[in-house]
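Open your viewer and keep the selection box handy. We will walk through a few stops, and at each one you will learn what to select and what to look for.

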Amino acid sequence: MNKMTNRMTEREWDQKLFSMAGKETIELSEEFQNRITRVLNGLPEKKENSLPDRKSDGKRGKLTWKKALILAAALTLLLSMTVSAAVYLVKARMEAMNHEKLEEYYVDAAKSFVGYDNKNRPYTDAEEKRMAELRMVYEAEGRFPKGELTLLEDYQDYAGKGVAFVAKTSTFFFPEAEMSDEELLQIIDFYAKRDYSVTKLGSQIAAGTYVLEESLANDSSDSQDETENAANKPTGAENETAKQDILQNRTLYQEIPYTGDVELYSMTAGANCIYLCGWNGIQKMEFGSSTSEPFYTDFPMEDTRVVCMTEGTDGMLYAAAVYYWNTEQMKCEIWQINQAGKLENSFSIKQFAKDGYLIVRRMVMDDKGYLYLRTTSDSCLVLDKEGKLISRPDLETYETTMLSALGQGKDGRVYTVLLDKETGNNTGINTGIAAINPETGALEDVQTEIFGEEAVIPFDLLMPGTDTDFVLWGYSGLYTYNNEDEKAVQVIAPYEATFQWEGAKYAQLPGGRILFAMATNVTEVKGKTQFQTQYRWKPECTTFYYVPVK
């Protein structure tokens with residue numbers, strides 16, 4: 001192992017950590033998450049089954065959760081141990097792991113495609129009860145499993161026997177039959193070892209006394225994929241064929257390596273093209289293409305960021321931009337850009353901020369031309385095309401976050417994903433959807449408890465489906481739903497992900513498809529603008545994934 005002789009600065013450690021983990025989040029067991037959240041927030045004890053609010057900046061957890069997790073690890077090193085005589089048995093079991101095993105748990109947690117643990121089926125009531133009892137005897141009496149759960153490379157390798165875990169998608173696989181005490185103890189033991197490994201190595205990384213070897217810090221499989229992509233960039237004829245396939249066959253799944261130069265920060269799809277925004281420029285890309293062309297580059301300042309975009313019913317591209325006008329004053333504007341790439345109008349939205357700080361996280365326009373904004377400062381705003389406030393949707397009865405999905409249903413109305421405060425089970429489950437009345441701000445046709453207990457992470461995307469009223473996507477999976485149905489249907493589980501969901505950009509395509517974009521091997525580039533030091537992310541490779549929804 002490479003030991004560090006000098007203490008890393010926080011910035012250097014951040015850069016190393018995010019280079020290793022590709023900007024994604026580490027998600028650990030529920031109990032460990034709760035402990036870290038309480039340490040970070042200084043909050044009193046909450047209910048045992050409550051999950052932390054992972055979302056915070058960007059894609060809730062994409063940046064600050066991982067950093068907070070590792071920093072908090074130094075403060076929570078031994079909190080997973082019950083104070084009893086058997087604590088020494090558990091401690092000895094953890095310390096018996098060699099460094100290679102510690103690194104294996106740590107790196108697997110960092111490189112998961114999705115941001116939290118999944119299961120191929122929920123625990124039964126009897127299993128949950130026995131799990132709680134066995135956890136107590138594990139910690140209080142030192143009762144350990146005789147073996148370990150099986151680690152698999154792919155979910156298709158699971159044969160239906162015993163307990164297994166696929167690190168790539170952070171998924172547990174349980175047999176259909178009731179699990180034995182031995183199998184439940186293997187799960188408990190896995191959680192304990194993973195928590196301990198991430199805590200121990202995380203505290204050392206935070207202290208600057210340890211760094212992973214480059215062979216572990218860099219994902220060899222990603223590097224191999226990128227090498228293959230670079231060596232097999234599509235020719236002009238191949239690219240044209242891919243475009244025709246995408247346009248003509250809406251059920252086709254396709255991966256297209258990007259050969260353009262946009263360091264993708266946000267994207268959206270219009271009726272006839274895809275808009276890509278990097279730093280200080282928006283580009284246009286044809287469906288199925290591997291490259292893009294400049295569309296709008298007349299940004300007012302060199303540190304301007306377009307954080308969200310949508311194509312309106314009038315054909316205009318609406319872009320939510322933020323930039324510093326001086327060292328202290330941030331401008332928050334909506335730009336209206338025509339199809340010729342010319343700015344026709346812009347208006348400020350900062351006056352709607354409740355705390356002086358406002359960034360748009362979701363934006364959609366309905367068929368009447370109303371613009372719906374979900375922001376960091378207000379749950380939701382409805383504006384007209386000139387920026388006049390129409391309403392502030394009333395979400396007092398329900399709970400949403402600045403990153404809860406906001407989109408149109410097949411009926412043309414704009415819907416929000418929400419959590420019912422009265423019936424929510426304190427696990428962060430988004431229990432339903434509701435239409436927003438733009439004139440009054442009232443929620444209409446509220447439909448709650450439509451998702452199963454596996455849906456524990458807020459949904460990011462809500463759109464009309466081809467044969468269904470809604471398609472919803474988040475780290476809990478891809479779902480379809482029809483109005484008045486009792487439950488949404490999961491059509492793609494997280495463990496079936498063919499690329500890394502955590503941190504992926506996404507856009508709704510015509511015809512009920514979804515376009516994802518994933519950057520890999522992302523490094524930090526330090527720059528200096530007129531008013532501040534700026535850190536930008538530069539990927540070595542970006543791939544677009546056209547995903548049909550059946």
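Two strands count as paired if DSSP finds at least two bridges between them. Helices (H or I, at least four residues) and strands (E, at least two) are DSSP runs, numbered from the N terminus. The model is a predicted one, in which local features need pLDDT of at least 70 and side-chain atom pairs count only at pLDDT 80 or more, while totals for chains, interfaces and linings use all residues. Residues are numbered from 1 along each chain as its sequence is written, and side-chain values use heavy atoms, with hydrogens and water left out.

**Stop 1: a covered hairpin**

Select residues 432–436, which are strand 21, and then residues 443–447, which are strand 22: the two pair in the antiparallel sense over three bridges. Look across from Ile436 and you will find Leu443 in strand 22 standing opposite. Six residues lie between the two strands of this hairpin, and among them Gly441 takes a positive phi near 80°.

How many residues of strand 21 are buried? Five of its five are, so to speak, under cover; buried means under 20% relative accessible area, exposed over 50%, and partly exposed in between, with a 1.4 Å probe and protein chains only. Colour the two faces separately: Gly432, Ala434 and Ile436 are buried on one side, and Ile433 and Ala435 are buried on the other. In a regular strand the side chains alternate between the two faces of the sheet.

**Stop 2: the sheet 23-24-25-26**

Move on to an open sheet of four strands, with the order 23-24-25-26 and antiparallel pairing. Its edges are strand 23 (459–463) and strand 26 (489–492), each of which pairs on one side only. Neighbouring strands here are turned by 25° against each other on average, direction ignored; the axes are lines fitted to C-alpha atoms, for helices over the stretch in contact, and angles run from 0 to 180 degrees between N-to-C directions.

Select residues 470–474 to show strand 24, which is joined to strand 23 by four antiparallel bridges. Within this pair, Leu461 has Trp473 of strand 24 as its bridge partner.

Now go to Glu484, in the loop between strand 25 (477–481) and strand 26. Phi of Glu484 is near 75°, a positive value in a residue other than glycine. Most residues other than glycine have a negative phi. Is Glu484 buried or exposed? Glu484 is exposed, with a relative accessible area of 70%.

**Stop 3: the sheet 6-7-8-9**

Here four strands form an open sheet in the order 6-7-8-9, again with antiparallel pairing. Strand 6 (266–269) and strand 9 (293–296) stand at the edges with a single partner strand each, so one side of each has no neighbour in the sheet. The average turn between neighbouring strands of this sheet is 30°, direction ignored. Select residues 281–285 for strand 8, which runs antiparallel to strand 9 and is joined to it by three bridges. Gln283 stands opposite Pro294 in strand 9.

**Stop 4: helix 7**

Select residues 181–207. This is helix 7, with 27 residues and a reach of 39 Å from its first C-alpha to its last, close to the expected 39 Å; the expected span is 1.5 Å times one less than the number of residues. Because 22 of its 27 residues are buried, helix 7 is largely enclosed by the rest of the structure. Step just past helix 7 to Gly208, which takes a positive phi of about 80°.

**Stop 5: a cavity**

A search of the whole structure finds six cavities of 30 Å³ or more. A cavity is a set of points, on a 1 Å grid over the protein atoms alone, where a 1.4 Å probe fits but cannot get out; lining residues have an atom within 4 Å of a point. Grid points are joined across faces, edges and corners, and a volume is the space filled by probe spheres set on the points.

The second largest cavity holds about 90 Å³ of space. To see its lining, select Glu104, Tyr105, Asp108, Ala109, Leu151, Phe165, Ala167, Ser170, Phe190 and Arg194. Helix 5 (99–110) and helix 7 are the elements that give two or more residues to it, and helix 5 gives the most, with four.

Finish on two lining residues. Ala109, in helix 5, is buried at a relative accessible area of 8%. The C-alpha atoms of Ala109 and Arg194 are 8.1 Å apart, with their positions 85 residues apart along the chain. Ser170 sits in the loop between strand 3 (164–166) and strand 4 (171–173), has a positive phi near 50°, and is buried at 5% relative accessible area.

Terms used. On a 1 Å grid over the protein atoms alone, a cavity is a set of points where a 1.4 Å probe fits but cannot get out, and a pocket is an open set with protein on both sides within 12 Å along at least five of seven lines; lining residues have an atom within 4 Å of a point.
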